[in-house]
Amino acid sequence: MNYPSIKGIRYYYKSVSVEHLDDLQEDFDSLNREGVLSNHETYRYYLSNKKFAIPETLPDAKSLIVLATSTRMMYANFHLQGRVYDIMIPPPYYDDGLLDEDLEDLVLNTIIQKPGYNIVKTRDQLHLKLLAVRSGLGTYGRNNICYIDGMGSFLTLHAYYTNYKMDSDSWHSLKMMDHCENCTFCIENCPTKAIRGDPFVIDASKCLPLYNEIDGEFPEWMDRSIHHSIMGCMKCQYLCPGNKEEIKRADRFEDVSEEETSMLLNGDFTEDLVSSLSFKIKMFDTSYGMEYLPRLKRNLELLVK
Ligand code: B12
Ligand code: SF4
Ligand code: SF4
């Protein structure tokens with residue numbers, strides 16, 4: 001499929017009428033009632049602000065637009081003591097260069113195209129994969145990640161309410177990706193057995209990114225050797241048949257020098273280090289680099305042992 005692109009990044013979108021907000025909320029609430037969702041504190045914190053409801057700032061909202069941008073896999077060479085460590089930087093842990101303004105401009109002027117209407121960005125307040133799959137934008141992999149034909153799972157999802165009534169109200173049943181029919185690779189390859197198959201919902205309390213994308217200690221039960229990327233986890237996506245083509249589009253950031261890697265590992269966090277790493281691997285903005293570096297250090301230590 002030929003997708004349009006913005007700043008060289010492919011995108012795809014669908015729109016759903018706000019009449020489906022209650023159905024979307026019920027999808028989530030029913031799972032909650034069934035008791036299949038983990039009660040892990042961090043996971044519950046992520047879920048606590050999510051609600052499919054008309055936003056107060058746009059009381060006349062008519063449609064919800066869900067937008068996916070294709071975010072490729074990245075790598076960077078970290079140099080240390082004469083060795084080179086080729087390290088994965090998975091999507092969406094780095095800045096792909098798309099600004100909020102670029103996306104708002106896209107939604108208003110290319111997708112909606114009618115002057116005089118408003119949008120409200122709601123990316124953090126909704127269960128985006130659920131919305132994407134219900135809208136027909138993508139399907140669920142058995143690993144609970146959303147896939148789009150021709151883009152795989154390397155996506156960043158966004159959502160916008162608008163008071164323009166979009167022509168299309170795209171509404172679909174919850175669908176699993178066709179590739180999954182005869183495949184259980186992700187179940188077998190998940191290092192913590194977080195993917196259960198039945199129930200379909202993963203056990204988020206066992207999912208590696210729940211621990212390595214925030215500060216803090218890793219749990220006792222977690223084998224440190226399962227870490228393989230600087231942030232997050234790629235074990236259920238990397239060799240997934242649904243990503244066979246996407247994986248070939250992987251790219252590389254500029255090398256992280258011997259000096260930079262050593263400074264990071266030694267906890268020598270200077271303003272210069274913040275700005276050079278922010279420029280090279282794009283994982284954080286300089287404004288919060290000082291808070292981000294300890295997390296990078298902790299994760300990198302496990303990869304260069
Ligand atoms: C909380 C969260 C996490 C948590 C929990 C993950 C989880 N699966 O819930 C942690 C920190 C572990 C995490 C990890 C990752 N995350 Co995350 N995460 C989120 C967040 C903030 C909310 C997700 C959520 O609502 N979960 C609640 C569960 C209940 O919803 P769900 O996973 O969609 O589950 C649905 C299915 O199970 C379905 N279902 C139930 N039964 C059945 C039966 C059948 C047959 C079918 C088909 C479906 C089905 O119903 C559920 C919804 O009601 C979103 C951002 C957002 N605002 O949505 C990003 C988001 C989902 N994460 C994202 C990414 C990229 C990841 C990682 C791949 C990062 C990485 N490389 O390590 C991993 C993947 C882990 C995994 N296997 O899911 C992307 C997803 C992109 C994509 N292609 O789908 C998002 C959308 C961020 C973004 N802006 O792009 N994440
Ligand atoms: S590894 Fe197989 S079962 Fe898992 S998401 Fe990919 S295609 Fe589906
Ligand atoms: S992201 Fe890693 S830990 Fe989480 S389900 Fe996938 S393979 Fe398992």
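Hi everyone, let's start with a pair of strands: β4, residues 74-80, runs antiparallel to β5, and seven bridges join them. Keep in mind as we go that this is a predicted model. One of the pairings puts Leu 80 opposite Arg 83 in β5. Those strands belong to an open sheet of three, ordered β5-β4-β10, with mixed pairing. At its edges sit β5 (83-89) and β10 (251-252), each of which pairs on one side only.

Now let's move to β3. This strand covers residues 63-70, and eight of its eight residues are buried. Ser 63, Ile 65, Leu 67 and Thr 69 point one way, while Leu 64, Val 66, Ala 68 and Ser 70 point the other way, and all are buried. What does β3 pair with? Strand β2, residues 9-17, is joined to β3 by seven bridges and runs antiparallel to it. There, Ser 17 has Ser 63 as its bridge partner. Strand β9, residues 155-162, is also antiparallel to β3, with eight bridges between them. In that pairing, Leu 67 is matched with His 158.

Let's stay with Val 66 for a moment. The largest nonpolar core has 56 residues, and Val 66, Ala 68, Leu 131 and Ala 132 touch the most other members. There is also a second, separate core of 13 residues, and Cys 190, Ala 194, Met 234 and Cys 236 are among them. Leaving aside residues up to four places away in sequence, Val 66 touches Tyr 13, Lys 14, Leu 131, Ala 132, Ser 135, Leu 137, Leu 157 and Ala 159.

On to the helices. Helix α1 has 14 residues, 21-34, and spans 20 Å from its first C-alpha to its last, close to the 20 Å expected at 1.5 Å a residue. Is α1 largely buried or in the open? The number of buried residues is one of the 14, so α1 lies largely in the open. Just after the helix, Gly 35 has a positive phi of about 80 degrees.

Another helix to look at is α9, residues 289-303, where Arg 295 is found. Why does Arg 295 count as partly exposed? Because it has 18 other C-beta atoms within 10 Å, and a buried residue would need 20 or more. Arg 295 and Gln 25 are 270 residues apart along the chain, and their C-alpha atoms are separated by 34 Å.

Finally, the ligands. Around ligand 1 there are 38 residues, and His 127, Leu 128, Cys 146, Phe 200 and Gly 232 come nearest. The elements giving two or more residues to that shell are α1, α2 (41-48), α4 (128-134), β9 and α6 (209-212). So we meet two old friends from earlier, α1 and β9. By class, the ligand 1 shell holds 28 nonpolar, six polar and four charged residues.

Which residues are closest to ligand 2? They are Gly 141, Cys 180, Cys 183, Cys 186 and Cys 240, out of 13 that surround it. That shell divides into seven nonpolar, five polar and one charged.

Ligand 3 is surrounded by 13 residues, with Cys 190, Cys 207, Cys 233, Lys 235 and Cys 236 the closest. Its shell has 10 nonpolar, two polar and one charged residues. You may recognise Cys 190 and Cys 236 here, since both were named in that second core. Thanks for listening!

How values were computed:
Residues are numbered from 1 along each chain as its sequence is written. Chains are lettered from A and ligands numbered from 1 in the order in which they are written. This is a predicted model: local features need pLDDT of at least 70, side-chain atom pairs count only at pLDDT 80 or more; totals for chains, interfaces and linings use all residues. A residue is near a molecule or strand if its C-beta atom, placed from the backbone, lies within 6 Å of it. Ala, Val, Leu, Ile, Met, Phe, Trp, Tyr, Cys and Pro count as nonpolar, Asp, Glu, Lys and Arg as charged, and the others, Gly among them, as polar. Two strands pair if DSSP finds at least two bridges between them. Helices (H or I, at least four residues) and strands (E, at least two) are DSSP runs, numbered from the N terminus. A nonpolar core is a set of buried Ala, Val, Leu, Ile, Met, Phe, Trp, Tyr and Cys residues joined through C-beta atoms within 7 Å. A residue is buried if 20 or more other C-beta atoms lie within 10 Å of its own, exposed if 12 or fewer, and partly exposed in between; C-beta atoms are placed from the backbone. Two residues are in contact if their C-beta atoms, placed from the backbone, lie within 7 Å. The expected span of a helix is 1.5 Å times one less than its number of residues.
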